[in-house]
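Visitor: I should like to learn how features of a protein model are read, one at a time. Please take me through the structure shown here.

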Amino acid sequence: MIIESPYSYNHIYHVLDAADFPLSFVPQLQRRLDLMPQRSQNRRSKTRVFHQGRRAEISFIITRSDLLAPQKEQVDALMPYLVQVLRDALGSSVKDVRLGNVRCVSAKRGWWTKQVKEEIWDRGGGGWMVGKVNVGKSNLFESVFPKGGQERSRDLNLGHDGTLRTPAYQDAAYPQSRSKAKASVHNKHPPSDNAVESSLLPPPQPLQRFPTMPTISHFPGTTASPIRVPFGNGKGELIDLPGLSRGSLEDHVVEHHRSDLVMRQRIKPEQLVIKPGQSLLISGLIRITPTKPNVTVLAHPFVPLASHVTSTEKAITISKQTQPSGIPTIAKPGVGSKMAMAGSFHLQWDVTKQRAGPLTSPTAGGLSTKVLPFVIFSTDILIEGCGWVELVAQVRKRDLESTNDSKPFPGVDVWSPNGDYVAERRPMNGWLLGRPRVSSTSGRKRPRRSMKGVKKAMKLAKRNSSA
């Protein structure tokens, strides 16, 4: 489809969702679209490569970043972490490439949308929004599209109704600038009549100051076909493509609860304690069971679903739907027979420095993690299209040294429908970013009322009655 673009310069915006990042990543997208490979860290690496007379580059945009932290500065501080997680998702073959083309934006809060809008205008040509369903492409499209009467496009001959007095397109399906000099920069491929008839791209909208934007919806499949919206009098166009398949977890959910799977606002999770012999059950769909019998695991579910800690035996019966229970579940009848283990995950990342509190803080204890008698391990369990669960466990160093296991880390077994929709990533420490603040007065109850006057009244009443 990108080969049919009338522009010589095209830019693909790979849109990722922050809720389950990086599960919404489309693997090998560059190879499938025959795009320009990522630049390596070699300063002599080529910056521009043309294929069939066109140049196509790619950028990564992480949307809905307001789900990660409450403040923009906190999200900006997470950029090194997000780039590293994206590098892990790209694989070991691209470990030496540059990843300076990653943006973390929030259309809801307006974080970094202005900068992306300026980049789209400066690049011109064809801009393509690519990603899976329900990652926020349409919402991002409306926020970053360079619409309105900017000073940079005063040369537009627009009427009072916002439409062009003189048509800016010589062909209904392919835009061309009225100035041939400008058109030669971005549009070098005038289409033939046969190409127009067999094109996969629909005709673009007429150029307007405020064009019709794609429909925003939480339900998948709202964008059924490519939506082309031109800007800048033939300078370029932005195209919203239909979302790719993201998994079918909603097929295992009762119909009136399917919308509950989408995280619409930042979650303030409750810290749950999973003791030995217990499991974490998430709305009857996901079961997380620790494997070490002597390790207590802390769970922070960043999901819009109800989470409950119960005994492992009871959690198994609830997830398999063999016995009725009072614990809320949104799973369809019959899903219990499809429950399978999605994998065994180890809490292998050391977060002692971040989690030890004042012991390692430079303003308090300032101790090194090497002198502490314990180690804190963590990991994030991702649920596709829903969110993640942060798991933390503390282990004594002498227990790690005494074991002969090649992987002495604490572990968990995760069960889900058909054993799908679950993955793992390095921990983000989201609990430390948005946990409830504990003030000096929080947790205190109202002081007990003095009983001195009541006792005096009781004594006086007894004296009067005896007299």
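Guide: Let us begin with a charged pair, bearing in mind that this is a predicted model. Arg228 and Glu237 form a salt bridge, with 3.1 Å between their closest N and O atoms.

Visitor: Are the two partners of that bridge, Arg228 and Glu237, buried or exposed?

Guide: The cut-off needed here is that a residue counts as buried under 20% relative accessible area. Arg228 has 2% relative accessibility and is therefore buried. Glu237, with a relative accessible area of 1%, is buried as well. Salt bridges may also share partners, and in this way Asp17, Asp20, Arg64 and Arg246 are joined into one network.

Visitor: How many salt bridges does the count come to?

Guide: The count comes to 10 salt bridges. One of them links the side chains of Asp88 and Arg426, at 3.0 Å from N to O.

Visitor: Which parts of the chain does the pair of Asp88 and Arg426 tie together?

Guide: Asp88 belongs to helix α3 (residues 79–90), while Arg426 sits in the loop between β17 (422–425) and α11 (430–434); the pair therefore connects parts that are 338 residues apart in sequence. As for exposure, Asp88 is partly exposed, with a relative accessible area of 41%. Arg426, at 25% relative accessibility, is also partly exposed.

Visitor: How should one read a salt bridge formed within a helix?

Guide: The general idea rests on the helical repeat: an α-helix has 3.6 residues a turn, so residues three or four places apart point the same way. In this structure, Arg123 and Glu119 form a salt bridge whose closest N and O atoms are 3.8 Å apart. The two residues lie four residues apart in helix α4 (residues 113–123), a separation of about one helical turn. Arg123 is partly exposed at 30% relative accessibility, and Glu119 is partly exposed at 23%.

Visitor: What span should helix α12 have, and how far apart are its end C-alpha atoms?

Guide: The reasoning takes 1.5 Å a residue, so the 15 residues of helix α12 (residues 452–466) should span 21 Å; the end C-alpha atoms are 22 Å apart, which agrees. Helix α12 is hardly covered, since its count of buried residues is zero.

Visitor: Let us turn to strands. How many residues of strand β15 are buried?

Guide: In strand β15 (residues 387–396), eight of the 10 residues are buried, so the strand is largely enclosed by the rest of the structure. As a general point on strands, in a regular strand the side chains alternate between the two faces of the sheet.

Visitor: Which strands are joined to β15, and in what sense do they run?

Guide: Strand β10 (residues 297–302) runs antiparallel to β15 and is joined to it by six bridges. Within this pairing, Val297 has Ala393 as its bridge partner in β15. Strand β14 (residues 374–383) pairs with β15 over 10 bridges, again in the antiparallel sense. Here Phe374 stands opposite Arg396 of β15.

Visitor: Which residue in the hairpin of β14 and β15 takes a positive phi?

Guide: That residue is Gly385, with a phi near 75°; the hairpin has three residues between the strands.

Visitor: Finally, how is a loop residue such as Asn134 to be placed?

Guide: One states its neighbours along the chain, its exposure and its contacts in space. Asn134 lies in the loop between β4 (125–130) and α5 (137–144). Asn134 is partly exposed, with a relative accessible area of 23%. Its C-alpha atom is separated by 9.5 Å from that of Ser24, 110 residues apart along the chain.

Notes: Residues are numbered from 1 along each chain as its sequence is written. This is a predicted model: local features need pLDDT of at least 70, side-chain atom pairs count only at pLDDT 80 or more; totals for chains, interfaces and linings use all residues. Side-chain values use heavy atoms; hydrogens and water are left out. Buried means under 20% relative accessible area, exposed over 50%, partly exposed in between (1.4 Å probe, protein chains only). A salt bridge is a side-chain nitrogen of Lys or Arg within 4 Å of a carboxyl oxygen of Asp or Glu. The expected span of a helix is 1.5 Å times one less than its number of residues. Two strands pair if DSSP finds at least two bridges between them.
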